[in-house]
Amino acid sequence: MNQAGKALAEFVAEGTEILEALGKDLLVLDQQRGTDPEPDLINGIFRAAHSLKGLSALFGQERISKLAHQAEDLLDRLRLGKLSLDDQVLDSLIETLDVLQALLAEASREVSSDALSGRVTELGTRLANLGMTSAAVDEDPLDRLELDAQVRAVFTEYEEHRLRENVRRGVALFRVRAAFDLSDFDTGLAELNSRLKPLGEVVSTLPSSEPGGASGIAFDLIFGAKVPESELAAKLQGTPAQLFALRVRPAAGGAPAPAAHAPVAQSVAQGSRQSAPPSVETPAAPKKPRKKRAPKGGGAETPDAVTESPVQAPLLRAVEQASPEELTQGVLEAMRMGESTSPPRAELAGPPVRTLTDEPVSPRGPRMENESARSLTQTVRVDISRLDALMNTVGELLLIKANLQRMVEASRQQEGSVMLSSKMWGQELSRETRQLERKLDALQQGLLEARMVPVGQVFDRLARLVRRIARDAGKEIDFVIGGGDVELDKLIVEELSDPLMHIIRNAIDHGAESPEARLAAGKSRRARVSLRAEQKGNHVVIEVSDDGAGIDELGVRDMALRKNLITEAQAREMSRRELLNLIFLPGFSTARSVSELSGRGVGLDVVKNNIGNLSGIIDVWSERGQGTAFHLTLPVTLAIIRALVVGVSGRTYAVPLNSVLEILSVKPSEIRTVERREVLDVRGTTLPLMRLARQFGHPERQNDRHFVVVAGLAQERLGIAVDELQGQQDIVVKSLGGRLQGVRGISGAADLANRRTVLVLDVGALLEEGMSLERRRA
Amino acid sequence: MGGRFQPMKFKILIVEDSKASRELIAATVESISGLEAIATSSGFEALKLLPRHRFDLIITDINMPDINGLELINFVKKNPNYRDTPLFIVTTEGREKDRDRGLALGAAEYLVKPFSPQSLVGLVRRYLKLA
């Protein structure tokens with residue numbers, strides 16, 4: 001990667017990290033809707049916006065930095081109590097996060113769409129106008145606080161505001177002084193902080209300017225106490241802290257004298273600033289103080305519009321006179337424009353929700369960028385202890401290499417002389433080989449672990465999108481997440497986000513009923529959509545379920561018949577489960593079918609394909625009136641798998657061991673034919689049998705015994721008959737390029753030890769083949 | 001590094017909580033030969049580093065999670081051991097008030113993100129009196 005690409009990747013990685021943290025905090029805020037927000041939470045969100053602003057400014061990402069700046073200003077007012085956290089504010093913040101994510105996505109692809117820029121401008125204006133009512137404060141309560149001007153000069157604006165807020169509310173303020181040893185003052189301070197936190201607010205932590213001796217350091221904590229002084233003093237017993245009360249003069253008739261402090265500090269600042277700027281050779285305009293610039297019209301997007309701030313907001317208010325509906329419409333328009341440059345199609349005139357759903361999930365497709373929960377970064381964060389373990393293993397491998405080298409040397413020196421004992425050589429060699437094998441195993445395991453990330457990463461991102469989808473669809477949804485700590489390969493987690501998004505969107509748009517319909521059906525007003533992950537052996541099962549209207553399988557059947565996807569005869573034979581699974585057939589769904597059916601099946605064939613590409617399978621179950629559940633069964637990792645190597649008609653195949661349940665040895669006489677399908681009776685249940693040779697069109701051998709590999713994924717079972725078993729091996733599955741890619745039943749190729757290349761069976765596809773055979777047997 | 005015949009390196013302390021920004025500043029500083037950057041994300045860590053090295057220059061952000069940059073500047077400027085060390089503030093657009101306070105407390109220069117590496121290099125060279 002070149003320098004610029006590297007910088008961009010760095011920016012995207014850190015930006016993603018910030019936005020993820022931001023999203024988590026916003027989610028907490030959202031869940032606490034209606035209660036008084038935690039100052040720390042708001043401050044955390046503010047800091048995230050601030051960091052993002054700084055970061056993006058540093059990398060010249062002006063649109064992001066501008067919007068982050070506007071969000072920061074809003075959050076600033078929020079944390080200063082100038083603005084209360086109502087639904088409008090919270091929704092705007094969440095929308096801001098969405099737009100920031102879209103911006104970051106564009107940045108990562110080094111594009112910049114006008115539609116998104118327009119949205120940034122519109123949203124920025126809205127943010128600036130929120131709560132711009134009570135700005136004027138006639139008297140600064142902070143002036144009543146008896147605090148050394150020198151101390152006050154060290155406060156940031158926020159700390160000053162927090163202090164002011166405490167004075168205004170009449171909170172008792174203290175200076176808590178504590179001296180620590182320089183080597184561990186941070187733990188001491190953390191301890192002190194944890195004692196103080198429950199008792200009030202630590203406004204600022206000031207390292208004392210008085211030298212605390214060679215190895216000591218003193219701090220002044222400015223503290224607003226919720227408890228009386230006596231209780232505070234008691235709680236600080238046993239700590240090095242000393243308590244000094246800060247006096248506040250009464251408000252009435254405000255003494256003008258102390259007010260002089262701040263202006264003095266200010267004028268000093270002005271003086272020294274004058275000397276500084278000429279030396280800074282900042283090439284870009286942003287250095288210019290913004291207040292001097294003439295305000296621009298609302299839509300202007302110039303490089304130095306980064307500096308647009310609430311100061312200009314009143315001038316932009318004309319734009320905001322539009323009704324909320326019009327605004328929403330504008331946003332939707334902007335989103336559509338962002339999705340596609342083609343003119344709106346006829347069906348876009350319907351409810352806006354539809355326009356978003358009738359597109360199939362397209363992996364890496366540009367259309368999903370507004371909506372995708374896919375991460376923008378290829379980075380995996382790894383616990384350092386995992387890397388340490390890997391380093392250790394590498395160290396041990398080096399040791400083995402040294403041993404082998406020593407043996408090579410020894411054998412060279414012995415050459416010519418009598419071979420003393422080749423048996424001893426053999427023993428030593430095999431010992432080293434075993435060691436080598438063990439260490440390589442550990443290395444492999446360690447690397448696989450390093451690739452694992454919690455699925456919660458993608459769940460959290462989805463949770464945010466759910467909010468918006470629900471709002472757009474006019475549904476009231478409780479979104480429940482479980483099992484976020486279950487780990488999967490990073491690659492799988494990323495590839496999952498789009499399919500999951502799609503299923504969840506369907507659940508909200510079509511599964512969940514309107515609040516009125518739910519109440520009429522005797523259900524709770526709010527629909528419930530849940531997303532859960534669970535580890536089951538080598539697989540992870542992800543369930544997306546809702547308690548909505550469910551799928552009408554008869555409607556599905558009629559639709560499939562009308563589209564000639566199945567015949568009448570087949571339809572008669574099909575179980576309820578099979579009927580439901582018809583929604584995954586390609587061609588089943590079109591935008592039109594959405595309104596005719598209960599609404600499932602929008603591009604679900606694509607979802608199924610995506611899951612299939614991950615060697616997973618998807619299954620649906622639904623009860624009319626009760627809800628629908630999708631189950632995605634996925635392997636934990638794709639990178640290296642353990643495989644069973646089997647032989648059929650002289651050819652070799654590998655079967656992923658994680659889907660092998662057991663292996664049977666079967667006599668030909670035990671194979672029965674039921675309705676032209678071969679089956680086996682295994683412990684009282686009937687197992688469909690597939691002869692691999694027949695399936696792949698190889699000449700069949702006459703065996704007196706068959707080996708039957710019983711493969712299973714989720715609740716599907718299939719016996720695969722092969723000629724011989726050759727053993728187990730770890731393989732790295734490589735995808736088949738080009739025209740071999742679509743071969744059914746094969747997921748890829750792998751190298752075996754002795755430079756043989758074999759094909760790897762796609763058990764999921766074979767299981768389906770088995771099912772469809774069953775379907776066709778009539 | 002640290003070879004006997006090598007001239008002593010100038011040490012620059014960088015305090016900045018944004019990783020990308022911190023690394024960029026460090027890389028820019030180290031692009032000048034003879035300079036060694038010691039970078040940290042926290043004000044606390046900076047307080048610990050100060051007595052352990054003799055820094056020739058300090059570059060600090062203002063908005064940080066533990067102690068803020070202004071407090072760090074104040075601490076440095078009030079302490080006879082460090083007070084002569086030149087100190088630059090790195091700030092973002094819109095925080096003029098904080099920046100002005102930093103300058104009032106004795107910071108020598110300020111840089112507004114995004115700044116060009118050349119401007120930082122120029123300032124550093126000037127303050128370290130490098131050719």
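These are my notebook entries on what I looked up in this structure, which is a predicted model.

**Entry 1: the two chains**

I began with chain A, where I counted 25 helices and 22 strands, and where 49% of the 778 residues count as buried. When I turned to its contacts with a separation of 6 or more, I found that residues 24 or more positions apart account for 70% of them in chain A.

Chain B has 131 residues, and buried residues make up 61% of them. I found five helices and five strands in chain B, and reading along the sequence I wrote down the pattern β-α-β-α-β-α-β-α-β-α. For the contacts in chain B with a separation of 6 or more, the share that comes from residues 24 or more positions apart is 61%.

**Entry 2: the second largest pocket**

I next looked up the second largest pocket, for which I noted a volume of about 1,400 Å³. Its lining is made up of 47 residues, and those closest to the centre of the pocket are Pro39(A), Asp40(A), Tyr158(A), Arg162(A) and Glu201(A). I then asked which elements give two or more residues to this lining. They are helix H2 (39-58), helix H3 (62-79), helix H7 (157-168) and strand E2 (200-207), which belong to chain A.

Sorting the lining of the second largest pocket by class, I recorded 17 nonpolar, 14 polar and 16 charged residues. Where does this pocket lie with respect to domain 1 and domain 2 of chain A? Domain 1 (3-135 + 288-344) and domain 2 (141-250) both give residues to its lining, so the pocket lies between them.

**Entry 3: His50 of chain A**

I looked at His50(A) since an unreviewed UniProt entry carries the annotation "modified residue: Phosphohistidine" for this residue. His50(A) is part of helix H2 of chain A, an element that I had already noted in the lining of the second largest pocket. Is His50(A) buried or exposed? Its relative accessible area is 7%, which is under the 20% cut-off, so I entered His50(A) as buried. Leaving out residues up to four places away in sequence, I found that His50(A) touches Glu72(A) in its own chain, and Asn63(B), Thr92(B) and Arg95(B) in chain B.

**Entry 4: Asp61 of chain B**

In chain B I looked up Asp61(B), which I found in strand E3 (residues 57-61). With a relative accessibility of 5%, Asp61(B) counts as buried. Not counting residues up to four places away in sequence, its contacts are Val15(B), Glu16(B), Asp17(B), Gly69(B) and Val90(B).

**Entry 5: the second largest cavity**

I then turned to cavities, and I found nine of 30 Å³ or more in the structure. The second largest cavity has a volume of about 80 Å³, and the residues that line it include Val648(A), Arg691(A), Glu700(A), His706(A) and Asp723(A). Helix H24 (692-695) and strand E19 (716-722) of chain A are the elements that give two or more residues to this lining. By class, I divided the lining residues of the second largest cavity into five nonpolar, two polar and four charged.

**Entry 6: two residues with positive phi**

I noted two residues of chain A that are not glycine and yet have a positive phi, namely Glu110(A), with a value near 55°, and Arg683(A), with a value near 45°. Glu110(A) is in the loop between helix H4 (87-108) and helix H5 (114-129), whereas Arg683(A) lies in the loop between strand E16 (677-682) and strand E17 (685-691). For exposure, I wrote down a relative accessibility of 66% for Glu110(A), which counts as exposed, and a relative accessible area of 68% for Arg683(A), which is exposed.

**Entry 7: Asp478 of chain A**

My last entry concerns Asp478(A), which is found in strand E6 (residues 477-482) of chain A. I asked how far its C-alpha atom is from that of Arg467(A), eleven residues apart along the chain, and the separation is 9.2 Å. With neighbours within four places in sequence left aside, Asp478(A) is in contact with Arg526(A), Ala527(A), Arg528(A) and Val529(A). At 33% relative accessibility, Asp478(A) falls between the 20% and 50% cut-offs and therefore counts as partly exposed.

Key:
Residues are numbered from 1 along each chain as its sequence is written. Chains are lettered from A and ligands numbered from 1 in the order in which they are written. This is a predicted model: local features need pLDDT of at least 70, side-chain atom pairs count only at pLDDT 80 or more; totals for chains, interfaces and linings use all residues. Side-chain values use heavy atoms; hydrogens and water are left out. On a 1 Å grid over the protein atoms alone, a cavity is a set of points where a 1.4 Å probe fits but cannot get out, and a pocket is an open set with protein on both sides within 12 Å along at least five of seven lines; lining residues have an atom within 4 Å of a point. Grid points are joined across faces, edges and corners, and a volume is the space filled by probe spheres set on the points. Helices (H or I, at least four residues) and strands (E, at least two) are DSSP runs, numbered from the N terminus. Ala, Val, Leu, Ile, Met, Phe, Trp, Tyr, Cys and Pro count as nonpolar, Asp, Glu, Lys and Arg as charged, and the others, Gly among them, as polar. Domain bounds come from an automatic or database domain assignment. UniProt positions are given in the numbering used here, feature names are shortened, and annotations may be inferred rather than shown by experiment. Buried means under 20% relative accessible area, exposed over 50%, partly exposed in between (1.4 Å probe, protein chains only). Contact means heavy atoms within 4.5 Å.
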